[in-house]
Amino acid sequence: MTVRKIVAALVILALATGVAVLGYLHLGDRKLDDLRATALASATQFTEELATYDFDDSGANLDRVTAVSTDEFAQTYRDVSGKLQGLLTSGQGSSTGHVVTAGIVEMDDRNALVAVFLDQEVRNLSVPDGRTDSSRMVIGLERVGDRWLLASAEPR
């Protein structure tokens, strides 16, 4: 084999290796982009479910939230909801939540923290015509199988 053929073979090998590495990196970026998109969509959905309730059917809110939660967060949410049930009913409270914007704070392939800006249209006996409350939350997500679950929700 001549020196030219050896050099040509090495160049082809280097190019093939470079293309393979770039392809692998591109696939990894696409996977991370997909995880970011689904984390944002999930955090938006979960926040709106947390912020939307009606005293006439508070069990529906509890069911919606716990269905998309980790076991630990679902139990915490059940405990808190049980304590607030009487207040919600006696005050005839209702709310509709709408996420204004959300962004990833930090994320890996198993966990994500998402900052969420939320508007809630709140009505109760004290405010029968309603008012809009704006707030911020940090939503913790945990990846289980092929979906994100609600793991924490902290007002900020």
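Okay, let's start in the middle of the thing: the largest nonpolar core has 20 residues, and the ones touching the most other members are L50, V65, F73, I139, L141, W148 and L150. Who pays into that core? At least two residues each come from α1 (3–51), α3 (71–90), β3 (111–123), β4 (131–144) and β5 (147–155). The top contributor is α1, with 6 residues. Keep in mind that this is a predicted model.

Let me pick on L50 for a second. If you skip its neighbours within four places in sequence, L50 is in contact with N61, V65, F73 and Y77, and also with M137, I139, L150 and A153.

Now, zooming out. The chain has 3 helices and 5 strands, and going from the N terminus the order is α-β-α-α-β-β-β-β. Buried residues are 27% of the 156 in the chain. As for contacts between residues at least 6 apart in sequence, 53% of them join residues at least 24 apart. And for the surface people: the accessible area is about 10,000 Å², with 58% of that belonging to carbon and sulfur atoms.

Last bit, the helix pair. How do α2 and α3 cross? The axes of α2, residues 58–67, and α3 come within 10 Å, and they cross at roughly 165°. An angle over 145 counts as roughly antiparallel, so α2 is roughly antiparallel to α3. The crossing itself is right-handed. On the α2 side you've got S58, N61, L62, V65 and T66, and they meet F73, A74, Y77, R78, S81, Q85 and L88 in α3. Notice V65 and F73 in there: both were on that core list I opened with.

Okay, that's me, over to you.

Definitions and conventions. Residues are numbered from 1 along each chain as its sequence is written. This is a predicted model: local features need pLDDT of at least 70, side-chain atom pairs count only at pLDDT 80 or more; totals for chains, interfaces and linings use all residues. Side-chain values use heavy atoms; hydrogens and water are left out. Helices (H or I, at least four residues) and strands (E, at least two) are DSSP runs, numbered from the N terminus. Buried means under 20% relative accessible area, exposed over 50%, partly exposed in between (1.4 Å probe, protein chains only). Contact means heavy atoms within 4.5 Å. Accessible areas come from the Shrake-Rupley method with a 1.4 Å probe; for residues, only the protein chains shown count as cover. A nonpolar core is a set of buried Ala, Val, Leu, Ile, Met, Phe, Trp, Tyr and Cys residues joined through side-chain atoms within 4.5 Å. Axes are lines fitted to C-alpha atoms, for helices over the stretch in contact, and angles run from 0 to 180 degrees between N-to-C directions. Angles under 35 degrees count as roughly parallel, over 145 as roughly antiparallel, 65 to 115 as roughly perpendicular and the rest as oblique. A crossing is left-handed if the near helix is turned anticlockwise from the far one by less than a right angle, and right-handed if clockwise.
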